[in-house]
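Trainee: I would like to test the labels on this model one by one. Please set each value against its cut-off.

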Amino acid sequence: MTMRLTVHEFVTMDGVMQGPGGPDEDTSGGFAQGGWMVPFGDEDFGSIVDTWFAATGAFLLGRTTYDMMQEYWSRITDPGNAVAVALNTLRKHVVTSAGTTARWANTDVIPAGSDAAVVEAVRALKAGPGRGELQVHGSHRLARTLHVAGLVDTYRLISFPVLVGAGKRLFEPGDDPAAFTVLETRITSTGGVYQVLERSTAAPARAEYVVGEDGKESVRWE
């Protein structure tokens, strides 16, 4: 049984995924708007995230996200915290080109010699034995690489009502056109929009509004 690869991101209205959890989470590129997601956290948000981690079979993380998560979540030992239990006990695969100390239990290191090497390593992970999902959280460069390679089976995104300007994005100008099937949508009490998306095998539909001889508006599909 192959593992499904799922990507989980918090994004702003202008598509930025950088530094959602705190001012110092990711300041690379001079990013100074970190922590934009925290004011929108509520019970709806928490319940959505809990469902993510309940489906986890293993984690696939970039080095920066891995190091950040290890520093925070390894200190939470509450057995009632489902996120901490999953992160502290399940297998974690960390992709790194700079090296990392695998201090967290159940960690494997995937050398990131090139994007092509990472893609092949992830293909092997997906094809290997395992139960549950192979989940990516944050991990901008890794998530981008897997998106461009078409390896992502499901995207779980929460978009928050805030603009931050420049920053790292999951989807960038120049990406290949793609259509998505929406599997689930929810709106949190603070206005976060949650979507579960699968990439469609069909190309994006193209259509236009036209006015017929009867004076009525209709849609013409290409």
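**Labels and their reasons**

Mentor: Start at the surface of this predicted model. Tyr209, Val219 and Trp221 make a nonpolar surface patch of about 410 Å².

Trainee: Where do tyrosine 209 and tryptophan 221 sit?

Mentor: Tyrosine 209 is in strand 9, residues 207-211. Tryptophan 221 is in strand 10, residues 217-221.

Trainee: Why is tryptophan 221 called exposed?

Mentor: Its relative accessible area is 62%. Exposed means over 50%, so tryptophan 221 earns the label.

Trainee: And what makes tyrosine 209 exposed?

Mentor: Tyrosine 209 has 64% relative accessibility. The cut-off is over 50%, so tyrosine 209 counts as exposed.

Trainee: How far apart are the C-alpha atoms of tyrosine 209 and valine 219?

Mentor: They are separated by 4.6 Å, with the two positions 10 residues apart along the chain count. Compare another pair: arginine 4 and aspartate 67 are 63 residues apart in sequence and 24 Å apart in space, C-alpha to C-alpha.

Trainee: Why does arginine 4 count as partly exposed?

Mentor: Arginine 4 lies in the segment before strand 1. Its relative accessibility is 37%. Buried is under 20% and exposed is over 50%. The value falls in between, so arginine 4 is partly exposed.

Trainee: On to helices. Why is helix 1 called roughly parallel to helix 3?

Mentor: The axes of helix 1 (residues 43-54) and helix 3 (residues 82-89) come within 9 Å and cross at roughly 25°. Angles under 35 degrees count as roughly parallel, so helix 1 is roughly parallel to helix 3. The crossing of these two helices is left-handed.

Trainee: Which residues of helix 5 are buried?

Mentor: In helix 5 (residues 140-148) they are Leu142, Ala143, Arg144, Thr145, Leu146 and His147. Just after helix 5, glycine 150 takes a positive phi of about 75°.

Trainee: Now the charges. How many salt bridges does a search of the whole structure find?

Mentor: The search finds 10.

Trainee: What makes arginine 91 and aspartate 108 a salt bridge?

Mentor: Their closest N and O atoms are 3.5 Å apart. The limit is within 4 Å, so the pair qualifies. It links distant parts of the chain: arginine 91 is in strand 3 and aspartate 108 in strand 4, 17 residues apart. Arginine 91 has 35% relative accessibility and counts as partly exposed. Aspartate 108, at 31%, is partly exposed too.

Trainee: How do you know that aspartate 115 and arginine 141 meet in a salt bridge?

Mentor: The N to O distance is 3.6 Å. That is within 4 Å, so the label holds. Aspartate 115 is in helix 4 and arginine 141 in helix 5, 26 residues apart.

Trainee: Is arginine 141 buried or exposed?

Mentor: Exposed: its relative accessible area is 59%, and the cut-off is over 50%. Its partner aspartate 115 has 39% and is partly exposed.

Trainee: What about arginine 156 and glutamate 133: what makes this pair a salt bridge?

Mentor: The closest N and O atoms are 2.8 Å apart. That lies within 4 Å, so the pair counts. Arginine 156 is in strand 6 and glutamate 133 in strand 5, 23 residues apart.

Trainee: Why are arginine 156 and glutamate 133 called buried?

Mentor: Arginine 156 has 13% relative accessibility. Glutamate 133 has 11%. Buried means under 20%, so both labels follow.

Notes. Residues numbered from 1 in each chain as written. Predicted model: local features only at pLDDT ≥ 70, side-chain atom pairs only at ≥ 80, totals over all residues. Heavy atoms only, no water. Patch = residues over 30% accessible without salt bridge, like charges linked within 9 Å, V, L, I, M, F, W, Y side chains within 5 Å. Areas by Shrake-Rupley, 256 points an atom, 1.4 Å probe, with all protein chains shown as cover. Salt bridge = Lys/Arg side-chain N within 4 Å of Asp/Glu carboxyl O. Helix = DSSP H or I, 4+ residues; strand = E, 2+ residues; numbered from the N terminus. Buried < 20%, exposed > 50% of the residue type's maximum accessible area, 1.4 Å probe, protein only. Axes fitted to C-alpha atoms, helices over the stretch in contact; angles between N-to-C directions. Parallel < 35°, antiparallel > 145°, perpendicular 65-115°, else oblique. Left-handed = near helix turned anticlockwise from the far one by under 90°.
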